[in-house]
Amino acid sequence: MRKAEVVPWTAKWLELYLEEEDLLRSVFLDELLEIHHIGSTSVPGIGCAKPIIDILAVVRDIDKVDDCNERMMRCGYTPRGENGIAGRRYFTKGGIRRTHHVHVYEAGHINIARHLNFKAYLMHHPEEARAYGELKRRLAREFPDDVRAYQEGKEDMVAELVEKP
């Protein structure tokens, strides 16, 4: 069973992202246009986060990503298809103790800007980043064995922050 674990923010997460960035560049090759560290582990001012490195990869053609599934599996990833978001390819690493999530979108997909703007907002508004981190800490204590409830508990604040300029 997956756990809703939140730990203090660490600079080690940037190192882990950079290692994975190199690996993913070798998987997606010329199809890859951009790659970004996103999510709470990418925001130093957040205070705490789930220790899972979220990565956003932007590609030329989303359908060609399916051709990379075998290479992703050799790198320890589980392909999960769209996993509920049209136009995305989603990969997880680490089994029930996940270490990485890779969200792949074709250039121009609306969720690219959504992810990047959310990160930028938190980076430029440290007080709101800390409040978001505290919410995550509280939810992880409240729902340690229920990742879905943890995620649902964040939805209102995320929706509110995403709408801010």
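User: Two strands pair if DSSP finds at least two bridges between them. Which residue in E7 stands opposite arginine 89?
Analyst: This is a predicted model, where local features need pLDDT of at least 70 and side-chain atom pairs 80 or more, while totals for chains, interfaces and linings use all residues. Numbering starts from 1 along each chain as its sequence is written, and side-chain values use heavy atoms, without hydrogens or water. E6 and E7 run antiparallel, joined by six bridges. Within E7, the residue opposite arginine 89 is valine 104.

User: How many helices and strands does the chain have?
Analyst: Helices are DSSP runs of H or I with at least four residues, strands are E runs of at least two, and both are numbered from the N terminus. Along the sequence they follow β-α-β-β-β-α-α-β-β-β-α-α-α. The count is six helices and seven strands.

User: Why does the chain count as compact, and what does its C-alpha trace span?
Analyst: The radius of gyration is 15 Å, close to the 15 Å that the globule rule gives for 165 residues, so the chain is as compact as a globular protein of that length. The radius is taken over C-alpha atoms, and the rule is 2.2 Å times the number of residues to the power 0.38. Along the principal axes, the trace spans about 40 × 35 × 30 Å.

User: What share of the contacts with a separation of 6 or more joins residues 24 or more positions apart?
Analyst: Contact here means heavy atoms within 4.5 Å. Residues 24 or more positions apart make up a share of 63%.

User: In what order do the five strands of the open sheet stand?
Analyst: Pairing in this sheet is mixed. Strands of a sheet pair through backbone hydrogen bonds, either parallel or antiparallel. The order is E2-E4-E7-E6-E5.

User: Which strands stand at the edges, and what is the average twist?
Analyst: E2 (32-38) and E5 (77-79) have a single partner strand each, so one side of each is left without a neighbour in the sheet. These two are the edge strands. From one strand to the next, the twist averages 20°.

User: Which residue in E6 is the bridge partner of threonine 78?
Analyst: E5 pairs with E6 (residues 88-93) over three bridges, in the antiparallel sense. One match sets tyrosine 77 opposite lysine 93 in E6. For threonine 78, the partner in E6 is threonine 92.

User: Is E6 enclosed or open to its surroundings?
Analyst: Buried means under 20% relative accessible area, exposed over 50%, and partly exposed in between, with a 1.4 Å probe and protein chains only. One side of E6 has Arg88, Tyr90 and Thr92, the other Arg89, Phe91 and Lys93, and all are buried. In a regular strand the side chains alternate between the two faces of the sheet. Six of the six residues of E6 are buried, so the strand is largely enclosed.

User: Which residue in E7 is the bridge partner of aspartate 54?
Analyst: Six of the seven residues of E7 are buried, so the rest of the structure largely encloses this strand. E4 pairs with E7 in the parallel sense, over seven bridges. The E7 partner of aspartate 54 is histidine 101.

User: What is the phi of glycine 94?
Analyst: E6 and E7 form a hairpin, with six residues between the two strands. Glycine 94 sits in the turn. Its phi is positive, at about 105°.

User: Where does leucine 29 lie, and what is the phi of asparagine 83?
Analyst: Leucine 29 is not a glycine, yet has a positive phi of about 50°, and lies in the loop between H1 and E2. Most residues other than glycine have a negative phi, and most peptide bonds are trans. Asparagine 83 is in the loop between E5 and E6. Though not a glycine, asparagine 83 has a positive phi of about 50°.

User: At what angle does H4 run to E2?
Analyst: Axes are lines fitted to C-alpha atoms, for helices over the stretch in contact, with angles from 0 to 180 degrees between N-to-C directions. H1 (residues 12-28) lies across E2, E4, E5, E6 and E7, at about 160° to E2. H4 lies across E2, E4 and E7, and its angle to E2 is about 35°.

User: Which residues in H6 meet H4?
Analyst: H4 (residues 110-124) packs against H6 (residues 147-162) at about 90°, their axes 9 Å apart. From H4 come Arg114, Phe118, Tyr121 and Leu122. Their partners in H6 are Val158, Leu161 and Val162.
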